[in-house]
Amino acid sequence: MLIGGEWTDGTGGERLDSYNPFTQEVWGTIPQATEQDVGNAIEIAHRTFRERWRHVNGRDRAAMLNRLADLIEENAEELATIDSTDNGKVIRETRSQMRFAARNYRYFAGYADKLQGNTIPLDNGQMFDYTLVEPLGVAVLITAWNSPLPLLANKLAPALAAGNTVVIKPSEHASLSTLAFGKLIAKAGFPDGVVNIVTGDGRIGNALTANPLVRKISFTGGLPTARRILESAAAHLIPVTTELGGKSPNIIFADADLNAAVTGAVAGVFGASGQTCIAGSRLLVQRAIYDEVCRLVVEKVRGIKLGNPLDETTEMGPVANRAQLDKILAMIQQARDEGANIAVGGAKASGPALEGGYFVEPTVIVDVDPSLTIAREEVFGPVLCIIPFEDEADAVAIANATEYGLASGVWTNDLRRAHRVAREIEAGLVWLNTYRASYVGAPFGGTKLSGHGRERSWHALLEYTQVKNVMLDLSAEERDPFAMKL
Ligand code: NDP
């Protein structure tokens with residue numbers, strides 16, 4: 001772990017195994033931090049913020065962030081290989097994720113020296129009023145295992161650009177890329193103690209989220225953990241950004257370009273083996289083209305190539321761990337028990353190259369009744385539910401009949417309808433005639449049970465800054481002490 005610029009195994013001596021989901025073998029170990037290690041990391045981050053980092057100017061922070069982006073690019077192949085080995089994501093995806101991560105640091109480097117306040121004209125012309133945009137202090141950044149470094153970049157880039165210090169906790173299931181990334185921090189020129197990394201499982205959760213020195217928590221993960229963190233953070237009213245799951249609708253209208261829509265539907269839920277928060281796991285298809293779309297989707301899905309995630313031709317790797325495999329298969333079985341019509345897939349994938357890994361067949365369930373459990377709950381795996389709809393109002397009603405509100409897609413060539421539906425959908429993201437396209441300049445985040453707050457774009461800076469108002473009385477007037485000054 002990286003604490004105060006030192007690499008340490010921590011004080012507890014316990015280590016956790018990290019499994020390669022393609023072979024089911026242990027390929028690394030990580031330290032299990034103790035509460036003492038976590039407290040130590042937070043204390044150092046706090047001291048570094050107070051004594052050093054908040055006096056570093058924006059130009060110098062920008063230079064470090066740009067250097068960090070260079071280093072990610074220089075080490076992209078190694079970092080991508082670590083993630084593909086650790087969480088099973090195919091190498092073509094993890095390579096593109098490293099480009100995304102580097103772009104993220106560069107993007108926010110551009111903001112580091114532009115966090116300026118305003119001068120504000122007040123009713124009383126004798127008052128000089130201005131604002132300062134200030135960092136918060138220590139930010140705790142907690143990431144999920146599916147995309148460790150891009151998820152971290154969404155948080156760390158704006159946090160550092162704004163002048164905060166951080167303590168990072170990656171998931172116990174995929175910590176190795178974050179630790180390798182940690183080696184780049186000193187090389188980029190960040191002073192010791194600005195970026196700290198602790199590893200381990202949820203046992204250290206409370207130590208991270210209830211510490212009064214923490215001024216901000218940004219969390220990506222599941223709803224049950226988010227609830228625990230919010231309860232724990234409530235003790236000190238620590239603000240929390242939550243990036244959670246989804247049950248995102250991908251809607252195809254009859255006038256859409258069918259080939260593009262079907263490819264978008266496949267990319268939406270089978271990319272990354274469905275282990276993305278934005279997975280378009282509910283495909284809503286207008287009745288007139290319903291049979292045709294089901295046929296095209298099933299045909300494409302039958303052709304998906306499963307295999308070694310490090311092989312450049314592999315399209316779907318294994319799911320990330322044993323618990324994920326068991327959960328996905330149990331949800332498919334429950335769907336079967338509830339009467340689901342499985343058109344393709346529905347089992348653990350087998351074959352000569354797949355035996356050692358946690359592979360799930362890409363699964364398509366057709367004619368889905370939206371009330372089925374599988375159509376309501378997040379699977380976080382390669383399972384698509386196809387649901388027919390009649391007209392625009394019907395599509396919007398089905399799309400919004402979920403507790404989640406993260407992503408959505410609309411496929412149509414009717415410009416007016418595209419924008420109408422975009423306004424009606426309850427989600428933080430609407431893709432029109434595309435899906436799972438990621439740009440750091442576009443705000444990202446959810447509504448309803450998908451979370452609160454925004455990452456990427458200038459909106460992300462609002463999560464890591466606070467505004468201070470400063471007011472100077474230029475008049476030499478004697479005031480009435482018992483009346484409000486206006
Ligand atoms: P979890 O909620 O299980 O874990 C997320 C992180 O929280 C991990 O680092 C985990 O550590 C940590 N954690 C566990 N318990 C605590 C605690 N009490 N206090 C503080 N931290 C704790 O989620 P998963 O890792 O299983 O990720 C899957 C979920 O993440 C899905 O719901 C998915 O949709 C969502 N997600 C959302 C994204 C978004 O941007 N909206 C992007 C990616 C995923 P450990 O793993 O070591 O227990």
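**Figure 1. Surroundings of S273 in the predicted model.** At 3% relative accessibility, S273 counts as buried, because buried residues are those under 20%. The structure shown here is a predicted model. S273 belongs to the loop that runs between α9 (258–270) and β13 (282–286). Its backbone is notable for the sign of one angle: the phi of S273 is near 55°, a positive value in a residue other than glycine. Most residues other than glycine have a negative phi.

**Figure 2. G280, a further residue of the loop between α9 and β13**. With a relative accessibility of 1%, G280 counts as buried. The view also takes in V167, which is 113 residues away from G280 along the chain. The C-alpha atoms of G280 and V167 are separated by 32 Å.

**Figure 3. R456 in the loop between β19 and α15**. The strand β19 covers residues 451–452 and the helix α15 covers residues 459–462, with R456 in the loop between them. R456 has a positive phi of about 65°, although R456 is not a glycine. Is R456 buried or exposed? Its relative accessibility is 8%, and R456 therefore counts as buried.

**Figure 4. Polar contacts of the ligand with W145, G222 and T225**. Three distances are shown in this close-up, each involving an oxygen atom of the ligand. For W145, an N or O atom in the side chain is 3.1 Å from an oxygen atom of the ligand. For G222, the partner is a polar backbone atom, at 2.8 Å from a ligand oxygen. For T225, an N or O atom in the side chain lies 2.6 Å from an oxygen atom of the ligand. Taken alone, the ligand exposes 910 Å², and the protein buries 88% of that area.

**Figure 5. The ligand in the largest pocket and the shell of residues around it**. The ligand sits in the largest pocket of the model. Two elements, β10 (214–220) and α8 (223–233), each give two or more residues to the shell around the ligand. Which element provides the largest share of the shell? That element is α8, from which 3 residues come. In total, 29 residues surround the ligand, and the closest are T143, G222, T225, L244 and E378. By residue type, the shell divides into 12 nonpolar, 11 polar and 6 charged residues.

Note on methods
Residues numbered from 1 in each chain as written. Predicted model: local features only at pLDDT ≥ 70, side-chain atom pairs only at ≥ 80, totals over all residues. Heavy atoms only, no water. Helix = DSSP H or I, 4+ residues; strand = E, 2+ residues; numbered from the N terminus. Buried < 20%, exposed > 50% of the residue type's maximum accessible area, 1.4 Å probe, protein only. Near = heavy atom within 4 Å. Polar contact = N/O pair within 3.5 Å; in protein donor to acceptor, adjacent residues only side chain to side chain. Areas by Shrake-Rupley, 256 points an atom, 1.4 Å probe, with all protein chains shown as cover. 1 Å grid on protein atoms, 1.4 Å probe; cavity = no way out; pocket = protein on both sides within 12 Å on 5 of 7 lines; lining within 4 Å. Sits in = over half its atoms within 2 Å of the grid points. Nonpolar A, V, L, I, M, F, W, Y, C, P; charged D, E, K, R; others polar.
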